[in-house]
Structures are given as C-alpha cells and as structure tokens.
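Trainee: Could you take me through one part of this model up close? I'd like to follow the charged side chains and see what they meet.

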Amino acid sequence: GVKGITEVTVGPGGNWQYTGTNTQVGDVTPDGKFDYYLSTIRFQNHFPPGFGVTNLPDSQDTAIKLNYYADPNNTITGFYAHGLEAYFRGVYGPLKIQQNGFNAAVNSDPTGEEDHDTQHYDIGYISARHRFSQKSFLNYRFYQQFSTLDRHLETLASQYRKNSATSQGHQLDYQNQLSQTFRLNAGASYLPSTTNYHLITGITAPFNSTGFVGRGYTDRSSLINLAETDLYLQGQFKPSGDKLTFDLGGRYASRGYRNIKKYAPFTDVY
C-alpha cells in the first residue's frame, strides 16, 4: 500500500491565525518497475497590524518524482515541482493599473482592489539513463523552469511590477571508468532562456500654471533572450589511489543574448 505521513499545525489565535499541513507519500510498485514520491507543504497566515502585509492566504510547495526501471540498464525519471505565495496588503483605493503584455492603462476603479503580491514557480524535467556496463553510462535530461512575480501596489505606491523568467535546456553527460586509475567525463548542454521585466508607475504632474490637473503613468519594459551552450571533456587520473589525483580537460562556453527594450514616456489618462 501507499506509505506516507500527514502533519497539521495550528498556530495561536489573535492576529496570527497560522495553519499548515505537511503531506509526504511514496512507495515502490510490487513488480519493482516504478517508485514514486510526493510531498506538499501548505500554510496560511494572518499578520498583526504594522507588518505592511495583512495576510498570506495561500503558500504551498509541491514536488513529485517518478522513476521507471525499464530494465537493469535503462532508467527514466520524471520530476515536477510547483510553488505559490500570495500576499495581501489590506489597502483599498481608486487607482487600478491594468497590464497585458507590453500594453498598459491606468484608470479609476470605483470598486477598489486590495494591493497584493503573487509569485510562483514551476520546475520540471525528464531524464533517461543508459548503462553500457558497470563502469560506463550516459545521461540525458530535458528540463523547463518558469517563475514570475506579479506585484500590485496601485494604492500604496501607485506601482505595478511584473518579473518573469522562463528557461529550458538539454543536457547530455557521459562517464566511463576506463581503468582503475583513469576516468573519462564528457558532456554538452544547450540552455535558452527569456527574462521579462515590466514596471508601471503612476504619477501626478502639472499641465498648466494652476496646478495638478491630471494623473498619468510611466511604463518601462525590457525583454532579454539568452542562449547558453557548453561543451566539456575531462580526464581524471589517480596513479596512487585516492592520495593523488590529476585532472586535465577543456571546456567551450558560449553566451549570446538579444535585448529588446521598450520605454513609453509619461501619458495622461484622466
């Protein structure tokens, strides 16, 4: 059957009101072809006045890993992890910044929306390992990672900010213990990534000598595409066991990026 544990934590009352759960399960199938592990941690929290954050309604980290043993020489592994945190700041106001890609607009929001932050990440990979012998094996891994921060401070600071990063990659590694004294390592990787930054700041500016008559915003954005390539070859020689080790190798590394920037100057909206 499934093996695991579940823990529940309840904090003190008053302004804190902390609750959390921790669950872990895992097992191996009867035929020995699969094993798996699942872990998830979740909690909620309320904060006393003066913290700048009223509550944390949801925070969780979940990870799952699965191994498939096709035969003694071939193993496939899958892994996925997800995390999320959402903070509320308990302030309501009439200013609302709306964002869609590189487009933005500032308008009045009579219903009011609570200032908040949301951040999360997703990481996943699948790998395959082939063993040629007890001393020689080949590993391949494909992975993808995504993270984002979405911050709404329209009332507290007249500001909206979004940062996001996405990367994916291919990695190949080979190892061979050619003799008791010499081991060969070789590998290659290709890792493209994209980073997006978007900042919108609401401002008040005078348009004539009578004073402040309008609200507006500045909009700054940047988009960076990066590609990394690595190749390596290494030999390790141990002429006298673990007392003396010689390493000789070479590595080629390439970093190329394309930076796209956009700047929208002050714009009056109402």
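Mentor: Start with Arg-141, whose charged end sits over the ring of Tyr-125, 4.1 Å from the ring centre. Arg-129 does a similar thing with Phe-137: it lies over the face of that ring, at 4.0 Å from the centre. Keep in mind that this is a predicted model, so read every distance as computed from predicted coordinates.

For the backdrop, the chain has 13 strands and zero helices, and 29% of its 270 residues count as buried. Take the contacts between residues at least 6 apart in sequence: 57% of them join residues at least 24 apart.

Now for the charge pairs. Side chains of opposite charge can pair when their charged atoms come close. A search of the whole structure turns up five salt bridges. One of them joins Arg-151 and Asp-117, with the closest N and O atoms 3.1 Å apart. That pair links distant parts of the chain, since Arg-151 is in strand S9 (residues 136–153) and Asp-117 in strand S8, 34 residues apart. The two ends sit in unlike surroundings: Asp-117 counts as buried at 2% relative accessibility, while Arg-151 is partly exposed at 22%.

Next, go to Asp-230 in strand S12. Asp-230 is buried, with a relative accessible area of 10%, and Asp-230 forms a salt bridge with Arg-251, closest N and O atoms 3.8 Å apart. Arg-251 belongs to strand S13 (residues 246–268), so this pair ties S12 to a part of the chain 21 residues away in sequence. Arg-251 itself is exposed, with a relative accessible area of 59%.

Asp-230 also meets Arg-255 in a salt bridge, at 3.5 Å from N to O. Arg-255 is in strand S13 too, so here the parts tied together are 25 residues apart in sequence. Arg-255 counts as partly exposed, at 47% relative accessibility. Put the shared partners together and you get one salt-bridge network made of Glu-228, Asp-230, Arg-251 and Arg-255. The Asp-230 to Arg-255 pair shows up as a polar contact between side chains as well, at 3.5 Å. Beyond its neighbours within four places in sequence, Asp-230 is in contact with several other residues, including Gly-187, Ala-188, Ser-189, Tyr-252 and Ala-253.

Stay in strand S12 (residues 211–237) and you come to Gly-235. Gly-235 counts as buried because its relative accessibility is 10%, against a cut-off of under 20%. The C-alpha atoms of Gly-235 and Leu-184 are separated by 4.7 Å, though the two residues are 51 apart along the chain. Leaving out residues up to four places away, Gly-235 touches Phe-182, Arg-183, Phe-246, Asp-247 and Leu-248.

Last, compare Asp-122, which sits in strand S8 (residues 116–133). Asp-122 is buried yet has no salt bridge; Lys-162, the nearest side chain of opposite charge, is 12 Å away. What the side chain of Asp-122 does have is a polar contact with the side chain of Tyr-80, at 2.5 Å, and another with the side chain of His-82, at 2.8 Å. Its contacts past four places in sequence are Tyr-80, Ala-81, His-82, Gln-144, Gln-145 and Phe-146. So there you have two aspartates to set side by side: Asp-230 is part of a salt-bridge network, whereas Asp-122 has no salt bridge and is buried because its relative accessible area is under 20%.

Key:
Residues are numbered from 1 along each chain as its sequence is written. This is a predicted model: local features need pLDDT of at least 70, side-chain atom pairs count only at pLDDT 80 or more; totals for chains, interfaces and linings use all residues. Side-chain values use heavy atoms; hydrogens and water are left out. Helices (H or I, at least four residues) and strands (E, at least two) are DSSP runs, numbered from the N terminus. Buried means under 20% relative accessible area, exposed over 50%, partly exposed in between (1.4 Å probe, protein chains only). Lys and Arg count as positive and Asp and Glu as negative; His and the chain ends are not counted. A salt bridge is a side-chain nitrogen of Lys or Arg within 4 Å of a carboxyl oxygen of Asp or Glu. A polar contact is a pair of N or O atoms within 3.5 Å; within protein, one must be able to donate a hydrogen and the other to accept it, and residues adjacent in sequence count only if both atoms are side-chain atoms. Contact means heavy atoms within 4.5 Å. A charge sits over a ring if NZ of Lys or CZ of Arg is within 6 Å of the ring centre and within 35 degrees of the ring normal.
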